[in-house]
Amino acid sequence: MRHRSALLCVLLTAALPAAVPGCGGPSALHGTPPAPSSVPATGDFSGQVEVGGGRKIYLSCKGSGSPTVILESGLHDSSDTWTITDTRPPVPKAPAVFPGVAAFTRVCVYDRPGTVRYTEPPALTTRSTPLDGIRTLTAMADDLDKLLTSARVPGPYVLVGHSFGGMITRLYAQRHPRKTAGLVFVDAFGTDIRALFGTRWAAYRALLNRPGTPFDTRPAFERVDIDGAIDSVTTAPPLPAVPMAVLSKTEPFAAAPGTPKDLLDTLERAWPQVQQKLVELGNQTPQFLATGSDHYVQVHDPDLTIDAVRLVVGRVHAKQ
């Protein structure tokens with residue numbers, strides 16, 4: 001049986017797998033190494049980058065080559081979801097997505113404020129400057145742009161978004177088409193989910209922001225204006241015509257005890273339609289079904305995730 005979350009694992013990333021045994025290493029440490037005067041264009045880098053307003057955001061990059069791949073985690077998740085694996089045969093335990101992508105191009109991850117580290121026990125990240133209150137999707141996409149600009153990470157980028165991270169990368173691509181080379185949606189959230197939930201939407205929206213974790217009441221815990229996020233994407237300019245790929249789960253979402261069954265039933269009915277709408281965003285967009293995986297495809301099927309990224313990177317090269 002697959003490893004289940006320490007928090008809620010329902011839809012976006014309202015859930016976090018507990019720290020996976022044997023998946024430690026530098027990415028699982030609380031300490032943050034000091035940032036050098038500039039972020040190197042190749043090789044390993046981990047440190048804080050100043051993004052203005054007295055704020056710093058943790059960034060980690062590996063590998064070399066272009067286009068640079070940006071891995072965007074889902075709601076409440078730190079960058080740790082790209083550095084750990086929880087697999088079963090025949091899926092290999094290594095590499096995780098972050099080092100796996102670094103084998104063929106430059107790749108970067110970062111911690112959004114208020115997200116949870118996969119340490120033992122889990123903890124809010126201390127590597128990025130905390131922010132209190134509900135965030136807008138526009139502000140989150142702006143943070144990504146400020147980070148990449150301040151760190152002088154060369155674009156255009158292949159943006160890989162898991163769950164709600166797919167909304168961040170989608171809005172970023174809509175607002176910055178010239179900086180976007182490709183998109184990979186990893187069991188990502190979609191704008192049509194609100195209509196598919198109907199009268200149960202308000203209950204589900206509340207559950208996403210307060211999923212029953214030990215961090216729910218902390219002012220710095222990441223919370224998002226979900227309705228505003230959907231509106232931001234639907235009113236933004238269209239996506240650029242770039243290579244895309246969609247990865248989708250096949251197993252049910254994990255859920256915390258006491259989660260209303262009707263919410264979960266509605267979610268499971270809606271999710272395949274959400275995934276199909278993502279496929280329809282681009283031309284000849286392949287959809288990969290992660291057979292046997294729940295929502296955390298990048299953790300349970302890292303090799304499939306890496307191959308989807310490789311495919312999009314290859315199509316970007318073919319266009320040049």
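## Salt bridges and backbone oddities

D227 and R205 pair up in a salt bridge, with their closest N and O atoms 2.4 Å apart. D227 sits in helix 6 (residues 226-235) and R205 in helix 5 (residues 201-209), so this contact ties together parts that are 22 residues apart in sequence. Keep in mind that the model is predicted. The count of salt bridges comes to 18, and a few of them are picked out here, followed by some backbone spots worth a look.

**The D227–R205 pair**

- How do the two partners compare in exposure? D227 counts as buried, at 18% relative accessibility, because the cut-off for buried is under 20%.
- R205 comes out at 29% relative accessibility, which makes it partly exposed.

**The E268–K249 pair**

- E268 and K249 also meet through their side chains in a salt bridge, at 3.1 Å from N to O.
- Which elements does this bridge tie together? E268 belongs to helix 7 (residues 261-279) and K249 to strand 11 (residues 244-249), so the link is between parts 19 residues apart in sequence.
- K249 is the buried partner, with a relative accessible area of 10%, while E268 counts as partly exposed at 27% relative accessibility.

**The D307–R310 pair**

- D307 forms a salt bridge with R310, and here the closest N and O atoms are 3.8 Å apart. That still qualifies, because the rule asks for a nitrogen within 4 Å of a carboxyl oxygen.
- Both residues lie in helix 9 (residues 302-319), 3 residues apart, so about one helical turn separates them.
- Buried or exposed? Neither, quite: D307 counts as partly exposed at 44% relative accessibility, and R310 counts as partly exposed too, at 42%.

**A salt-bridge network**

- Which residues are linked in a network of salt bridges? They are D80, D111, R117 and R127.

**Cis peptide bonds**

- Some background first: most peptide bonds are trans.
- The bond from S66 to P67 is cis, with omega near -5°. To find P67, look in the loop between strand 2 (55-62) and strand 3 (68-72).
- P89 and P90 are joined by a cis peptide bond as well, and omega there is about 10°. P90 sits in the loop that runs between strand 3 and helix 1 (97-102).

**Positive phi angles**

- Again, a bit of background: most residues other than glycine have a negative phi.
- R152 has a positive phi, near 55°, although R152 is not a glycine. Where is R152? You'll find R152 in the loop between helix 2 (137-150) and strand 8 (157-162).
- R152 is exposed, with a relative accessible area of 66%; the cut-off for exposed is over 50%.
- Q284 is another non-glycine residue with a positive phi, this one near 50°. The loop holding Q284 lies between helix 7 and strand 12 (287-290).
- Q284 counts as exposed, at 76% relative accessibility.

Terms used. Residues numbered from 1 in each chain as written. Predicted model: local features only at pLDDT ≥ 70, side-chain atom pairs only at ≥ 80, totals over all residues. Heavy atoms only, no water. Helix = DSSP H or I, 4+ residues; strand = E, 2+ residues; numbered from the N terminus. Buried < 20%, exposed > 50% of the residue type's maximum accessible area, 1.4 Å probe, protein only.
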